[in-house]
Amino acid sequence: MTVTNSGTLVVDKVSRSFGGVVAANALDFAIAKGEFLAVVGPNGAGKSTLLQMISGIVRPQQGEIRLGERRIDRLRPEQINALGISRTFQTSRVFPMLTIRDSIMVGAQVGLIGGGRAPRRYGPAGELVSALLRLPGYRARVADAESRAEEVMKMFGDRLWPRRDDQAFSLSYANRRRLEIARALVQDPDILLLDEPAAGMNPTETAELAEVLAELRSRRPGMTIVMVEHKLQVVRQLAERCIVMAQGAVIVDDTPAGALEHPRVIEAYLGTRRSAAAFGKVNADG
Ligand SMILES: Nc1ncnc2c1ncn2[C@@H]1O[C@H](COP(=O)(O)OP(=O)(O)OP(=O)(O)O)[C@@H](O)[C@H]1O
Ligand SMILES: [Mg+2]
């Protein structure tokens, strides 16, 4: 299909079922490097499954996923992560006993020993020795990781940074979501996958998160972002392109404005065209 360059993510006729449920039905599209793509659709449409497949947690049964020319759908999640693809989960997954700072450093660790993309001087065994002996190369990478952790915490204003020594269990729901995003960002990914980052946030928190993502966008224009989000206002505000899924398939692929006003989309969400006016209201609040 599409001609690709090295940063393009290609989902090539990908299908996946669970028992009798079709979660992905010949999904076929490409995401260009640096694009901000929103994925919307009703519950059960297959949005999270798409992210699971890109990040290697779920394997497609048919089709291929490629990053540039490289096929990635048979790699393990940590191998895909090491290629520069980081994600957050729909349901927060934080380690309750770790502090904010340590939780984020866990994300950065990927680049310290064993995996990650940071250039390394030695092979894996040598790297481990380097880490254990705190050799200069290792120390430099720790310092680098610490300064990146500080930078991403500060992206969230005073939400995370002043609480950096607090354990994750003590955080508000919104702060756990922020922490997860920070943990993905500290890896400095080329592709960031966000599964409903604004879920459970109130309107103020949602607006604040949208600002953080807009700021990220201006700082890292080359970073591809794929965001599943039910809050359509956030989609309109941030995304350049919007894919609408229903029953495992893409039903519309357009700009957010074009996609969210498409009659098929209104139908998919609400079942009837008559509800179009109500849908408009849902958008405004969402
Ligand atoms: N691991 C799994 N085992 C069994 N069924 C699954 C699994 N993952 C997803 N499904 C099913 O596949 C379908 C698509 O699920 P998915 O989580 O991708 O939807 P979604 O679009 O993310 O929905 P939501 O908006 O509710 O998060 C659903 O019917 C779901 O129950
Ligand atoms: Mg989901």
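Which element gives the largest share of the shell around ligand 1? Hold that thought for a minute, and keep in mind that what we're looking at is a predicted model.

Okay, the overall picture. We've got 11 helices and 10 strands here. There are 286 residues in the protein, and 41% of them count as buried. If you take the contacts with a separation of 6 or more, 66% of them are between residues 24 or more positions apart.

Now the inside. The largest nonpolar core has 73 residues, and A182, C242 and V244 are the ones with the most contacts inside it. Helix α6, residues 173-185, puts in the largest share of that core, with 6 residues. The core also draws on both domains: at least three residues come from domain 1, that's 9-94 plus 171-285, and at least three from domain 2, 95-167. As a general point, nonpolar side chains in soluble globular proteins tend to be buried together.

Let's zoom in on A182. Skip its neighbours within four places in sequence, and A182 is in contact with I104, V152, M153, F156 and L160.

Right, back to the ligand. Around ligand 1 you'll find F18, V21 and A23, then G41, then N43, G44, A45, G46, K47, S48 and T49, and also Q90. Two elements give two or more residues to that shell, namely β2, residues 21-31, and α1, residues 47-54. And there's the reply to my opening question: α1 has the largest share of the shell, 3 residues. By character, the shell around ligand 1 splits into 7 polar residues, 4 nonpolar and 1 charged.

That's my bit, thanks.

Definitions and conventions: Residues are numbered from 1 along each chain as its sequence is written. Chains are lettered from A and ligands numbered from 1 in the order in which they are written. This is a predicted model: local features need pLDDT of at least 70, side-chain atom pairs count only at pLDDT 80 or more; totals for chains, interfaces and linings use all residues. Helices (H or I, at least four residues) and strands (E, at least two) are DSSP runs, numbered from the N terminus. A residue is buried if 20 or more other C-beta atoms lie within 10 Å of its own, exposed if 12 or fewer, and partly exposed in between; C-beta atoms are placed from the backbone. Two residues are in contact if their C-beta atoms, placed from the backbone, lie within 7 Å. A nonpolar core is a set of buried Ala, Val, Leu, Ile, Met, Phe, Trp, Tyr and Cys residues joined through C-beta atoms within 7 Å. Domain bounds come from an automatic or database domain assignment. A residue is near a molecule or strand if its C-beta atom, placed from the backbone, lies within 6 Å of it. Ala, Val, Leu, Ile, Met, Phe, Trp, Tyr, Cys and Pro count as nonpolar, Asp, Glu, Lys and Arg as charged, and the others, Gly among them, as polar.
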